[in-house]
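Good morning, colleagues. I would ask you to look at the structure on the screen while I take you through its main features.

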Amino acid sequence: MDYVSALLPPVVMAIFFTVVIVTIVKSQGGPNKSKEDAAVDAAFARAEAARTEGSPKPGKA
C-alpha cells in the first residue's frame, strides 16, 4: 500500500499539469485574440509613456 501513497502525488500533479497545458493551448487565438492583443499593446504603451515621462530630458539640468 506504500507504493500507492508514493505514486499518487506525482500522478495527480502530472494530470493537473496536462490539464493546465491543454487549457493554455486551447485559449490561444480564437475570437478574443485581437482583444487580448489590444490590451497588451495598451499596457505596453502606458508603461512606455510612464517610463519616458519620468526620465530626465537630455540637455536639461
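Of the 61 residues in this protein chain, 0% count as buried. Please keep in mind that we are looking at a predicted model. A residue would have to fall under 20% relative accessible area to be called buried. The accessible surface of the chain amounts to about 5,700 Å², and carbon and sulfur atoms account for 70% of that surface.

As to secondary structure, the chain has two helices and zero strands.

Let me begin with helix 1, which covers residues 2-27. How far apart should its ends be? At 1.5 Å a residue, the 26 residues of helix 1 should span 38 Å. The end C-alpha atoms are 39 Å apart, so the expected span and the model agree. Helix 1 nevertheless has a kink of about 30° at L8, and the proline P9 follows shortly after that point.

Within helix 1 we also find S5. The side chain of S5 reaches the backbone oxygen of D2 at a distance of 2.9 Å. Is S5 buried or exposed? The relative accessible area of S5 is 49%; exposed requires over 50%, and therefore S5 is classed as partly exposed.

Now to the surface. Which residues form the nonpolar patch? They are M1, Y3, V4, L7, V11, I15 and V19. Together these residues have about 760 Å² of accessible area. One of them, V19, has its place in helix 1.

Just after helix 1 comes G29, where phi is positive, at about 75°.

Helix 2 takes in residues 33-54. How many salt bridges does the structure hold? It holds one. The partners are E48 and R51, with their closest N and O atoms 2.8 Å apart. Both partners lie in helix 2. They are three residues apart, which is about one turn of the helix.

How accessible are the two partners? R51 has a relative accessible area of 55%; this is over the 50% cut-off, so R51 is exposed. E48, with a relative accessible area of 37%, lies between the two cut-offs and is therefore partly exposed.

To summarise: the predicted chain has two helices, with a kink at L8 in helix 1 and a salt bridge between E48 and R51 in helix 2. Thank you for your attention.

Definitions and conventions. Residues are numbered from 1 along each chain as its sequence is written. This is a predicted model: local features need pLDDT of at least 70, side-chain atom pairs count only at pLDDT 80 or more; totals for chains, interfaces and linings use all residues. Side-chain values use heavy atoms; hydrogens and water are left out. Patches are made of residues with over 30% relative accessible area and no salt bridge: like charges are joined within 9 Å, nonpolar side chains (Val, Leu, Ile, Met, Phe, Trp, Tyr) within 5 Å. Accessible areas come from the Shrake-Rupley method with a 1.4 Å probe; for residues, only the protein chains shown count as cover. A salt bridge is a side-chain nitrogen of Lys or Arg within 4 Å of a carboxyl oxygen of Asp or Glu. Helices (H or I, at least four residues) and strands (E, at least two) are DSSP runs, numbered from the N terminus. Buried means under 20% relative accessible area, exposed over 50%, partly exposed in between (1.4 Å probe, protein chains only). The expected span of a helix is 1.5 Å times one less than its number of residues. The bend at a residue is the angle between axes fitted to the seven residues ending there and the seven starting there. A polar contact is a pair of N or O atoms within 3.5 Å; within protein, one must be able to donate a hydrogen and the other to accept it, and residues adjacent in sequence count only if both atoms are side-chain atoms.
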